[in-house]
Amino acid sequence: MDWLLEKVFTSIVRSGRLMVTTAGGRTIEFGDGSGPPHAIRFTGSAAQLKVLLDPELQLGEAFMDGSLIVEQGALIDVLRLLSDNYYSLGEPPWWARALSALRYGWRRISQLNVRSASQRNVAHHYDLDGGLYSLFLDADRQYSCAYFERPDQSLDEAQLAKKRHLAAKLLVKPGQRVLDIGSGWGGLALYLAEICNAQPRGVTLSKEQLATASERARQKNLTDRVRFDLIDYRDIQSVYDRIVSVGMFEHVGVGFYDAYFRKCAEMLKEDGVMVLHSIGRNEPPGATNPWIAKYIFPGGYIPSLSEVLPAIERAGLMVTDVEILRLHYAETLKAWRERFMARRDEAARLYDERFCRMWEFYLASSEAAFRSPRNGLMVFQVQLAKKHGVVPVTRDYIAAEENRLRSIEQLKGASTARRPRLQIAGE
């Protein structure tokens, strides 16, 4: 079987230096010898064959099960080397194209996110022990791409900047009703209530997130201005001045884009503004990575803009602004990965070693994908309205509004210049 491993790795790993010890004990070096050395070892022949036949699924499973061991370098470094080499090939190998074609053909079935499936999928990931997320998220538990205004910005500062950036694009006025679709642990809705003096409603399908968000609103004495509900967005009947959705659209499913935007158009007032923040791809439509779909985000999908924009048009909504955040998510994932690894022992006490390896692979593989210069992953923010004249005709207002909000944060003592304690996520 070593001949197959040698053939596959030789065809893919052309730069860098990777040493692979096979299940039979033979060590083979791949690449051009440039850069620091990296080494992995297979502990079983079955896992080795599976990885060669279906690396997108089996590489993560082998690492989770301990049948693939990183012996030199860190997991993130090995994954970056493999990712960068793979995407530099131009056209993937024929067997990779065949697997991708099969998964693409199956994607509407795997993303059949009817109400019951959506509830199960959300519970799979977001109803995990809350202590897990407190290990690596910022103090506000923002579980989406941060907005790094400068390279030396801390995770907490960048997540606050993200909320400020979104609020500026929403142009929220005091007293306006704001719907937050997929409100998570409540951080953005609480910001809009506390800093913008709005009346937000956060909706989620996660019972754990709902409980935390509601308790946070109570502790901040904001229950008269903000509410959180356990409800599917498709069942909301009210109308809102502003709609925002951050990190939720990836769970909608490609077959439900028309329904999603029609519902948003129905809920948005004629002079309303909506901002959609989602992971996306700067390339043609594809399929979800099978390992991510199986273990991390069942029913999830990273959309191409070419899939999103037509659905927006069909819903009668107008695109008023599009912003692409390129390496911001790579930096966010790096911060999460480093914080998780620093407290990995605590995660093992919450779950077990296999879970920790799964979570490490999730964070490291995601970061590697977003850092790859040829992988088309990014994050987009699309601002929507129903008519012209709702938002200014130039983008200058965004920076001006951010400065105004920053002043309010400082007055209210919400600025991260106070350096909130990093390990009290959800407080």
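Are Y329 and W336 buried or exposed? Both Y329 and W336 are buried. We will come back to that pair.

Before that, a word on the model. This is a predicted model. The mean pLDDT of the protein is 92. Of its residues, 95% reach 70 or more. One stretch needs care. Over residues 414-427, pLDDT stays under 50. For that stretch the model has 35 contacts beyond four places in sequence.

Now the inside of the protein. The largest nonpolar core has 71 residues. Which of them touch the most other members? They are Y143, W291 and W359. Which helix gives the most to this core? Helix α16, residues 353-371, does, with 11 residues.

Look at Y143. Set aside its neighbours within four places in sequence. Y143 is then in contact with H125, Y126, Y133, F136 and L137. Y143 also contacts W185, F297, W336, W359 and Y362. Notice W336 in that list. There is a second core, separate from this one, with 32 residues. Its members include V254, F261, M378 and F380.

Keep M378 and F380 in mind, and turn to strand β11. Strand β11 covers residues 377-385. How many of its 9 residues are buried? The count is 9 of 9, so the strand is mostly covered.

Which residues point which way from β11? L377, V379, Q381, Q383 and A385 point one way. M378, F380, V382 and L384 point the other way. Residues on both sides are buried.

Strand β11 also has partners. Strand β9, residues 268-281, pairs with β11 in the antiparallel sense over 9 bridges. There, M274 stands opposite L384 of β11. Strand β10, residues 318-325, pairs with β11 too, again antiparallel, over 7 bridges. Here L325 has V379 as its bridge partner in β11.

Next, a sheet of 4 strands. It is an open sheet, in the order β2-β1-β3-β4. The pairing is mixed. Why is one side of β2 and of β4 left without a neighbour in the sheet? Strands β2 (27-31) and β4 (68-72) stand at the edges, and each has a single partner strand, so one side of each has no neighbour there. From one strand to the next, the twist averages 25°.

Zoom in on one edge. Strand β3, residues 38-42, pairs with β4 in the antiparallel sense, over 4 bridges. F42 has L68 as its bridge partner in β4. A helix lies across this part: α4, residues 75-87, crosses β1 (17-21), β3 and β4. Helix α4 runs at about 95° to β3.

Now the aromatic rings. How many aromatic pairs does a search of the whole structure find? It finds 28. One of them is Y86 with Y87, an edge-to-face pair. The centres are 5.4 Å apart, with 90° between the planes. Y86 is partly exposed, at 25% relative accessibility. Y87 is partly exposed as well, at 32%.

Back to our opening pair. Y329 and W336 are also edge-to-face. Their centres are 5.9 Å apart, and the planes are at 90°. Remember that both of these residues are buried.

On to the backbone. Most residues other than glycine have a negative phi. Two residues here are worth a look. R141 is not a glycine, yet its phi is positive, at about 55°. R141 sits in the loop between α7 (130-134) and α8 (155-170). R141 is buried, because its relative accessible area is 10% and the cut-off is under 20%.

The other residue is L171. Its phi is near 55°, again positive, and it is not a glycine. L171 lies in the loop between α8 and β5 (177-181). L171 is buried, with a relative accessible area of 17%.

Last stop, V203. Where is it? V203 is in strand β6, residues 199-204. At 2% relative accessibility, V203 counts as buried. V203 and F228 are 25 residues apart along the chain. Their C-alpha atoms are separated by 5.7 Å. What does V203 contact, leaving aside neighbours within four places in sequence? It contacts L179, D180, I181, G182 and S183. D229, I231 and I236 are also contacts of V203.

That is the tour. Thank you.

Key
Residues numbered from 1 in each chain as written. Predicted model: local features only at pLDDT ≥ 70, side-chain atom pairs only at ≥ 80, totals over all residues. Heavy atoms only, no water. Core = buried A, V, L, I, M, F, W, Y, C linked by side-chain atoms within 4.5 Å. Buried < 20%, exposed > 50% of the residue type's maximum accessible area, 1.4 Å probe, protein only. Helix = DSSP H or I, 4+ residues; strand = E, 2+ residues; numbered from the N terminus. Contact = heavy atoms within 4.5 Å. Pairing = 2+ DSSP bridges. Axes fitted to C-alpha atoms, helices over the stretch in contact; angles between N-to-C directions. pLDDT = per-residue confidence, 0-100. Phe/Tyr/Trp six-rings, centres within 6.5 Å; stacked < 30°, edge-to-face > 60°.
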